[in-house]
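Please find below a short note for a colleague who has not yet looked at this structure. The points start with charged side chains and then move to the fold and its cores.

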Amino acid sequence: MSRVPIPPEVIRGLRDAAPVLLGVAPFGLVAGAAAVDAGLTPAQAIGLSVVVFAGASQLAAIDLFGSNAELLVIVLTGVVINLRMLMYSASIAPRFRALRSWWKSLCAYVLTDQAYALSIARYADEELNPAERRNYYLAVGVSLWVVWQSCTILGIVAGARIPDAWGLEFAVPLVFLSLLVPAVSSLPTFVAAVVGGTVAVAGTVVSVPFDLGIIAGGVVGVAAGVATDAALGGTRSTPEPGGEH
């Protein structure tokens, strides 16, 4: 029986995602342990993880569950925290225009910060056809999903017994730093990172309601990067909506 070859972009996606998975794993453990500590049953915690599949939103929802907050408040908080996904989807959707609806639905479900960042960087590297773009994206997104769900379940099983000395809370910023540093490859991206990060941190320090400081940081950072690029005369070429360049 002949072996079915693995598409090259699937292999490339798994390889590129591997370093990120190392940071996602402890984050998932924290989310699972926090869910049990907040009083959720294992089934409820797993259901929340599968349905929401968003680390920051899950942790916010878990905290509100533990505080006996109203369901509407919990749902609205998760939606607000994930508003950045609107920007991600608007940016990456043209690359998936040729795909069938069910492929698009699957891509939408596994959309995360990491899947978006790695895929956009890959698409800018060289010209890929629609199937190659899909294979790369899903290799990254599905591998993140599998590791996240597995580690969340491990965290649920371990419960609150994970010691604070492990310092697992540092997993979150480390994951984002691993994505940010390679992306800062020009002055506009540097300005966008510095300005956006400063605004987001300031919003956290002054306790902006509903974590809107993060969204404000993203919007202001993008605006600063675009303004810097324009001031430099647009030295970087802009790819066509379909990803061709």
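1. This is a predicted model. A starting point is Arg15, which counts as exposed because its relative accessible area is 54%, over the 50% cut-off. Arg15 forms a salt bridge with Asp16, and their closest N and O atoms are 3.8 Å apart.

2. Asp16 also pairs with Arg12: the closest N and O atoms of this salt bridge are 3.2 Å apart. Both Asp16 and Arg12 belong to helix H1, where four residues, or about one turn of the helix, separate them. Arg12, Arg15 and Asp16 are thus linked in a network of salt bridges.

3. How exposed are the other two members of the network? Asp16 has 21% relative accessibility and therefore counts as partly exposed. Arg12, at 23% relative accessibility, is also classed as partly exposed.

4. The count of salt bridges comes to four. One of them joins Arg122 to Glu9, with the closest N and O atoms 2.6 Å apart. This pair links distant parts of the chain, since Arg122 sits in helix H7 and Glu9 in helix H1, 113 residues apart. Both Arg122 and Glu9 are buried.

5. Helix H7 has 13 residues and spans 19 Å from its first C-alpha to its last, close to the 18 Å expected at 1.5 Å a residue. Its buried residues are Asp113, Gln114, Ala115, Tyr116, Leu118, Ser119, Arg122 and Tyr123.

6. Which arginine is buried yet has no salt bridge? Arg134 fits that description. The nearest side chain of opposite charge belongs to Glu132, and it is 10 Å away. Side chains of opposite charge can pair when their charged atoms come close. A salt bridge is counted within 4 Å, and the distance from Arg134 to Glu132 is given as 10 Å.

7. Arg134 lies in helix H8. Setting aside residues up to four places away in sequence, Arg134 touches Phe96, Leu99 and Trp103.

8. Phe96 has its own set of contacts, again leaving out residues up to four places away in sequence: Lys104, Cys107, Tyr123, Arg133, Arg134 and Tyr137. Tyr123 in this set is one of the buried residues of H7.

9. Which residues of the largest nonpolar core touch the most other members? They are Phe96, Tyr137, Val140 and Leu144, in a core of 26 residues. Two or more residues of this core come from each of helix H1 (8-37), helix H5 (84-92), helix H7 (113-125) and helix H8 (130-158). There is also a second, separate core of six residues, including Leu40, Ala45, Leu48 and Ile62.

10. As for the chain as a whole, it has eleven helices and zero strands. Among contacts between residues at least 6 apart in sequence, 80% join residues at least 24 apart. The Arg122 and Glu9 pair, 113 residues apart, is an instance of a link between distant parts of the chain.

11. Of the 245 residues in the protein chain, 39% count as buried. The chain exposes about 13,700 Å², and carbon and sulfur atoms supply 69% of that area.

Conventions: Residues are numbered from 1 along each chain as its sequence is written. This is a predicted model: local features need pLDDT of at least 70, side-chain atom pairs count only at pLDDT 80 or more; totals for chains, interfaces and linings use all residues. Side-chain values use heavy atoms; hydrogens and water are left out. A nonpolar core is a set of buried Ala, Val, Leu, Ile, Met, Phe, Trp, Tyr and Cys residues joined through side-chain atoms within 4.5 Å. Buried means under 20% relative accessible area, exposed over 50%, partly exposed in between (1.4 Å probe, protein chains only). Contact means heavy atoms within 4.5 Å. Lys and Arg count as positive and Asp and Glu as negative; His and the chain ends are not counted. Accessible areas come from the Shrake-Rupley method with a 1.4 Å probe; for residues, only the protein chains shown count as cover. The expected span of a helix is 1.5 Å times one less than its number of residues.
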